[in-house]
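Q: Please take a close look at a single part of this protein and describe, with care, how that part sits within the rest of the chain.

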Amino acid sequence: MSTFSPYRRRRFEQLPAWSIGDTTLKAYAITVGEAPLSTALATAAYDYVSNEAETINGADAHGSGYAMVHHGEQAVWLLAHWWAHVDIAMRLLASAPADGLPEFVSRDAERFHACVWEHVVINHERDAWVRHVLTDTPDLDAYRADALPDGWY
């Protein structure tokens, strides 16, 4: 059985939005400790997701979503979610070594979903989608402007 450890807050910050074809993804960095996400990791993550533009801009996609680059202790995780079919968050998952080159590889075939820190972003984005889009007057611009504030979560 695994040994459990106490929850420790991690640093969250907004990155500039990613334009992936016709889709705008709000982008977030999650890091252990004080240091911000490296530019090399942010660039490698954006490039990886950009290569999936055809998938992300597929049928029934709504041109909006979010991504996060989580530099954790054991790996760097890249999660991209985009909204499709009105209320479904589609997912792309990749990882890179925590200490190595920022070279992401797909993890989509595995059963991983998200860790407790990544759920902070997922929960915010779900609520923002409901608040701004699943209403009588959907407003994608308001959704795109509603980002999780930088901080420790």
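A: The part chosen here is strand 3, which spans residues 61-71 and is mostly covered, with 8 of its 11 residues buried. The model is a predicted one, and every value below is computed from it.

Two neighbours flank the account of this strand, and they pair with strand 3 in opposite senses: strand 2, residues 23-31, runs parallel to strand 3 over 8 bridges, whereas strand 4, residues 75-84, runs antiparallel to strand 3 and is likewise joined to it by 8 bridges. On the parallel side, one can follow the register through Thr31, which stands opposite His71 of strand 3. On the antiparallel side, Val69 stands opposite Leu78 of strand 4, and the connection between strand 3 and strand 4 is a hairpin that passes through 3 residues.

The wider setting is a protein of 4 helices and 7 strands, whose elements follow one another from the N terminus in the order β-β-α-α-β-β-β-β-α-α-β. The radius of gyration is 15 Å, close to the 15 Å that the globule rule gives for 153 residues, so the protein is as compact as a globular protein of that length. Taken along the principal axes, the C-alpha atoms fill a box of roughly 45 × 35 × 30 Å. Over the whole protein, 42% of the 153 residues count as buried, a figure against which the 8 buried residues among the 11 of strand 3 may be read. Of the contacts between residues at least 6 apart in sequence, 58% join residues at least 24 apart.

As for the surface, the protein exposes about 8,600 Å², of which carbon and sulfur atoms supply 52%. Its side chains include 11 positive and 21 negative ones, and the centres of these two sets lie 8 Å apart.

A residue outside the strand offers a contrast in cover. Pro138 lies in the loop between helix 3 (118-132) and helix 4 (140-145), and because its relative accessibility is 53%, where exposed means over 50%, Pro138 counts as exposed. Leaving aside residues up to four places away in sequence, Pro138 touches His132 and Val133. The C-alpha atom of Pro138 is separated by 36 Å from that of Ala96, a residue 42 places away along the chain. Strand 3, by comparison, is mostly covered, and its pairing is with strand 2 in the parallel sense and with strand 4 in the antiparallel one.

Notes:
Residues numbered from 1 in each chain as written. Predicted model: local features only at pLDDT ≥ 70, side-chain atom pairs only at ≥ 80, totals over all residues. Heavy atoms only, no water. Rg over C-alpha atoms; globule rule 2.2 N^0.38 Å. Buried < 20%, exposed > 50% of the residue type's maximum accessible area, 1.4 Å probe, protein only. Contact = heavy atoms within 4.5 Å. Areas by Shrake-Rupley, 256 points an atom, 1.4 Å probe, with all protein chains shown as cover. Lys, Arg positive; Asp, Glu negative; His and termini not counted. Charge placed at Lys NZ, Arg CZ, Asp CG, Glu CD. Pairing = 2+ DSSP bridges.
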